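Q: Please take a close look at one part of this protein, its interior, and lead me through it slowly. I would like to see how the pieces described fit together.

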Amino acid sequence: MTTSSPADVRPDPPHSPAHAPAPDDRSLAEFGYRQELHRSLGRYASFAAGFSFISVLTTVFQFFAFGYAFGGPVFFWAWPVVLLGQLLVAACFAELAARYPISGAIYQWSSRLSTPSFGWFAGWIMVIGQIVVVAAAALALQMVLPAIWSGFQLIGTDPSPVSPDGAANAALLGVILLALTTAVNVVDNRVMSVINRVGVTAEIIGAVLIVVLLLTHSERTPGITFHTTGAAQSGLFGALAVGSFTAAYVMIGFDSAGEMSEETHHPRRTAPRTILTALGAAGLLGGLIVLGGLLAAPSLTDGRLGVDGLSYVLTSSLGDGVGKVLLADVVVAIAVATLAIQTAACRMLFSMARDGQLPFSARLARVNPRTGMPSAPALVVGVLAAALLLLNFASPDAFLAIGTTCIVMLYLAYAMVTGPLLVRRLRGGFSSAGTDERGAPLFSLGRWGIPVNVLALLYGLLMTVNLAWPRAAVYDPAGGHWYFQWFTVLFLLVTVVTGLLYRTVRRRDLRVE
């Protein structure tokens, strides 16, 4: 059987006469694929996939100090703006998850809404961005572990991530974590799901406790959020523009619920809801944690809040005992986040390789029938992410460069979905018809589709430019490292050029054959 496909070249999917697709597998067969990944995730596990990628504790603890250092307390107000913008994007993704419940979500959606080549570049940028996010998430251990016990500072004595000792130690801790998450991503998807669910539950409980304790230990009123006290960035607009990096870094990855569609029961019904609930829950909890940190900080002017961030607030305001227990919960969140992000990147590699769209596609698309896991992608993502961590040995400035680059890559990939979707809507080619696995209408924005889509695309493009803008004060504050100032732009350029070269060579080889 030959089916239409978003890829330039897709081999006919193998079929077994003895295999009759289960009800949840029929929609996958409609797209020309057979069920190879084990379908074992329920609604909470699907929610956990999206929430753990966002991992509000990981990302808020990792970037709070940066947001405060450059924006002061007023950087809080960038949070609701980013949350609203990402909810617009998530609403568009929820519609697509209901109609295309396939692994490799961004790649599959963009390909089917536009052209195979455009979709390939969306998937290529997304998977490279995901690998960078894996590295950035693993670096977050440095913000927490040395604050729990100084023995975790294995290199040197200065735990600050912006110091040479801290940067090198962050890389070492990150590599150790990546070795563990890679092993889990090879073992079994049920093991991965259990770890994910337990970790997310612990993270939610910890986040709620942190919010309650910080708000009950407030030193000042919420009115402080209208001040730029201690900000390194001059002007309100500049403070908000740079301060938005924190919120932008936190609220990405909600599409992972769609990424895991081939492993989810009733994906047309489940994925749209979990995409929105994962982002909504993370956005609410994260905003309250940021607010609580600003209100409970012992001082806004002693310089520590812009260096040590929330770890300093917890241990100083709540005491070493309670503070360190909560920090231990953050460590769990970081580990689970790194696992979830690596899993999402693995599914993207698997989806593109299954269509024959990557080097060594046959090996990358191979699924272990016993575990239901594509093992090769896990190893590739783990090794490449670990290699990126080596940049942290070169310079402490690499931490921010890596973090910002991954956000830009994902924001651009998201725009490469919302853009074609808007074009399809304007041409009248996007249908709201259809039913899910239980016969209910598919999730749809209805008449709000076009205005929501327009705002989602504009927001995504503006934030991409804001994040990638080569601000010397942000990316090269000490001077002398122009390549870090332009790192995001250069990395994106190298990614696109590499993709163009690969596709040129691939087309030439296909013509020769």
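A: In what follows, a helix is a DSSP run (H or I) of at least four residues, and helices are numbered from the N terminus. The model is a predicted one, and a good place to enter it is Ile407, which lies in helix α17, residues 398-426. Ile407 counts as buried because its relative accessible area is 0%, while the cut-off for that word is under 20%. Leaving aside neighbours within four places in sequence, Ile407 is in contact with Phe245, Ala248, Tyr249 and Leu467. One of these partners shows how the fold brings distant parts of the chain together, since Ile407 and Ala248 are 159 residues apart along the chain and yet their C-alpha atoms are separated by 7.0 Å.

From this single residue we can turn to the nonpolar core. In soluble globular proteins, nonpolar side chains tend to be buried together. Here the largest nonpolar core has 155 residues, and the members that touch the most others are Ile106, Trp109, Phe254, Leu305, Tyr411 and Tyr414. Helix α6, residues 116-139, gives this core its largest share, with 17 residues. Tyr414 has contacts, beyond four places away in sequence, that include Ile106 and Phe254, and also Gln86, Val89, Phe93 and Met126. A second core, separate from the largest one, holds 8 residues, among them Ala45, Ala49, Met192 and Met373.

The interior also contains enclosed spaces, and 3 cavities of 30 Å³ or more are counted. The largest cavity holds about 110 Å³ of space, and Ala45, Ala49 and Met192, which were named for the second core, are among its lining residues, together with others such as Asn196, Glu259 and Thr343. Helices α2, α9, α11 and α14 each supply at least two residues of this lining, which by class has 7 nonpolar, 4 polar and 1 charged residues.

The second largest cavity has a volume of about 60 Å³. Its lining includes Tyr249, which is also a contact of Ile407, and Ile252, which is also touched by Tyr414. At least two lining residues come from each of α2, α3, α6, α10 and α14, and the lining divides into 9 nonpolar, 3 polar and no charged residues.

Technical notes. Residues are numbered from 1 along each chain as its sequence is written. This is a predicted model: local features need pLDDT of at least 70, side-chain atom pairs count only at pLDDT 80 or more; totals for chains, interfaces and linings use all residues. Side-chain values use heavy atoms; hydrogens and water are left out. A nonpolar core is a set of buried Ala, Val, Leu, Ile, Met, Phe, Trp, Tyr and Cys residues joined through side-chain atoms within 4.5 Å. Buried means under 20% relative accessible area, exposed over 50%, partly exposed in between (1.4 Å probe, protein chains only). Contact means heavy atoms within 4.5 Å. On a 1 Å grid over the protein atoms alone, a cavity is a set of points where a 1.4 Å probe fits but cannot get out, and a pocket is an open set with protein on both sides within 12 Å along at least five of seven lines; lining residues have an atom within 4 Å of a point. Grid points are joined across faces, edges and corners, and a volume is the space filled by probe spheres set on the points. Ala, Val, Leu, Ile, Met, Phe, Trp, Tyr, Cys and Pro count as nonpolar, Asp, Glu, Lys and Arg as charged, and the others, Gly among them, as polar.
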